Amino acid sequence: MKREEDSTKRSNKRISESKMGKDNKYKRVNGSTKSEKSTYSTNKNVRREKEVTKKVYKSQRREVVEDVEQEEILQLEGRNSVLEALSSGRTIDKIIFKKNEVEGTLKIIRGKALDRGIVVQETAKRNLDEMAKTHNHQGVIAICPAQDYAEVDEILDYAKEKGEDPFILILDGITDTYNLGAIIRSADITGVHGIIIPKRRAAGLTGIVGKVSAGAIEYVKVAKVVNISRTIEELKEKGVWVGSTELDGEVMYKSNLTGPLALVIGSEGDGISKLVKEKCDFSLSIPMYGNVDSLNASVATGVVLYEALRQRKFK
């Protein structure tokens with residue numbers, strides 16, 4: 001009888017120790033002696049939420065800084081610096097504010113930026129901290145181009161000063177900086193008076209573009225506009241004929257590329273947008289006889305520009 005009682009006690013002890021062992025693995029941080037499974041579950045969820053938050057912040061920072069890190073730009077930091085740049089008329093591509101804290105001077109900066117059509121963006125403070133080159137960004141950073149932009153009227157005035165009909169290149173959606181640099185180089189060589197590019201979804205003037213252009217960026221006027229379609233309408237009102245480059249357009253050797261002229265070049269992937277195409281007066285194409293029916297954007301631009309040069313200078 002006693003032997004059976006001892007056996008039962010040992011069995012109950014093993015079961016108890018076994019349960020304690022399972023509970024012990026739920027003991028967690030800060031010297032806590034709690035063994036409840038809920039404590040373990042809660043801490044595990046907190047860690048998971050922190051990991052997700054880190055990933056979100058990294059993703060947000062990539063969206064804000066990705067193009068900034070890979071290209072040479074001028075970065076202005078602090079409220080006074082950015083406000084002064086706005087007041088002086090300096091070209092600014094984008095102004096980034098600390099999220100949910102646009103008030104006081106920052107509110108004034110935001111208002112001036114929107115009035116000038118400058119891209120405005122908000123991001124978390126930690127992202128601004130990582131972007132900042134100084135330790136006092138004061139909740140705002142402005143991204144400026146390495147090279148300043150011209151106005152469309154400056155391009156027209158430049159042609160007038162030279163006693164020539166305006167010869168303008170319009171780029172619709174060229175996002176590759178190397179393509180833009182090569183196009184600027186071809187534009188300078190063929191006598192283009194200026195290039196017009198959109199503010200959004202397009203490559204801008206950077207150190208990389210300047211290098212690829214082999215210095216031509218210093219001589220070719222580049223204007224950055226909010227709306228390409230509206231700009232085309234304004235050019236047409238001033239007597240400029242606008243032609244688009246398309247696969248089904250008239251062969252460029254048969255097209256009249258003399259007189260006041262603006263040529264629209266689209267991206268390799270999407271070509272010219274439908275709205276822009278509708279605003280053009282005519283379309284032209286490059287004849288192709290191989291198995292591939294497309295050219296690199298910068299190469300296609302060079303081919304068309306040289307045909308225009310031939311017609312305009314070698315009559």
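**Strands, cores and pockets in a predicted model**

Strand β2 is largely enclosed by the rest of the structure, because 5 of its 5 residues are buried. That is a handy place to start with this model, which is a predicted one. Taken as a whole, the protein has 11 helices and 10 strands. Of its 315 residues, 40% are buried. Contacts often reach a long way along the chain: among those between residues at least 6 apart in sequence, 78% join residues at least 24 apart.

Back to β2 and its neighbours. β2 covers residues 94-98 and runs antiparallel to β4, with 4 bridges joining the two. Within that pairing, Ile 96 stands opposite Ile 141 of β4. β2 also pairs with strand β3 (residues 119-123), this time in the parallel sense and over 5 bridges. Ile 96 turns up here too, with Gln 121 as its bridge partner in β3.

β4 itself spans residues 140-144 and is mostly covered, with 5 of its 5 residues buried. Which residues sit on each side of β4? Val 140, Ala 142 and Cys 144 are on one side, Ile 141 and Ile 143 are on the other, and both faces are covered. Besides β2, β4 pairs with strand β1 (residues 74-77), an antiparallel match over 4 bridges. There, Gln 75 stands opposite Ile 143.

The loop that leads from α5 (125-131) to β4 holds His 135. Is His 135 buried or exposed? Its relative accessibility is 86%, so His 135 counts as exposed, the cut-off for that being over 50%. The C-alpha atoms of His 135 and Gly 78 are separated by 9.6 Å, although the two residues are 57 apart along the chain.

Next come the nonpolar cores. In soluble globular proteins, nonpolar side chains tend to be buried together. The largest nonpolar core here has 31 residues, and Leu 169, Leu 171, Ile 184, Ile 195 and Leu 263 have the most contacts inside it. At least two residues each come from β5 (167-172), α7 (177-189), β6 (194-198), β9 and α11. Which element gives the most to this core? That is α11, with 5 residues. As for Ile 184, once neighbours within four places in sequence are left aside, it is in contact with Ile 195, Leu 205, Val 209, Ser 213, Ala 216, Ile 217, Val 220 and Val 222. Apart from the largest core lies another one, of 18 residues, including Val 152, Leu 156, Ile 170 and Val 225.

Then there are the pockets. The largest has a volume of about 1,200 Å³. It is lined by 41 residues, and the closest to its centre are Asp 93, Tyr 149, Lys 199, Arg 200 and Lys 224. The elements giving two or more residues to this lining are α2 (37-70), α6 (152-161), β7 (221-225) and α9 (228-237). Sorted by class, the lining of the largest pocket comes out as 16 nonpolar, 15 charged and 10 polar residues.

One residue of helix α9 can be picked out, namely Ser 229. With 7% relative accessibility, Ser 229 falls under the 20% cut-off and therefore counts as buried. Not counting residues up to four places away in sequence, Ser 229 touches Leu 275, Val 276 and Lys 279.

The second largest pocket has a volume of about 440 Å³. Its lining is made up of 22 residues, and nearest its centre lie Thr 245, Glu 246, Leu 247, Ser 267 and Ala 300. Here β8 (241-251), β9 (261-266), β10 (282-285) and α11 (297-313) each supply at least two lining residues. How many come from α11? It provides 4, which is the largest share of this lining. The classes in the second largest pocket split into 10 nonpolar, 8 polar and 4 charged residues. α11 thus appears in two places, giving the most to the largest nonpolar core and the largest share of the lining of the second largest pocket.

How values were computed. Residues are numbered from 1 along each chain as its sequence is written. This is a predicted model: local features need pLDDT of at least 70, side-chain atom pairs count only at pLDDT 80 or more; totals for chains, interfaces and linings use all residues. Side-chain values use heavy atoms; hydrogens and water are left out. On a 1 Å grid over the protein atoms alone, a cavity is a set of points where a 1.4 Å probe fits but cannot get out, and a pocket is an open set with protein on both sides within 12 Å along at least five of seven lines; lining residues have an atom within 4 Å of a point. Grid points are joined across faces, edges and corners, and a volume is the space filled by probe spheres set on the points. Ala, Val, Leu, Ile, Met, Phe, Trp, Tyr, Cys and Pro count as nonpolar, Asp, Glu, Lys and Arg as charged, and the others, Gly among them, as polar. Buried means under 20% relative accessible area, exposed over 50%, partly exposed in between (1.4 Å probe, protein chains only). Two strands pair if DSSP finds at least two bridges between them. A nonpolar core is a set of buried Ala, Val, Leu, Ile, Met, Phe, Trp, Tyr and Cys residues joined through side-chain atoms within 4.5 Å. Contact means heavy atoms within 4.5 Å.
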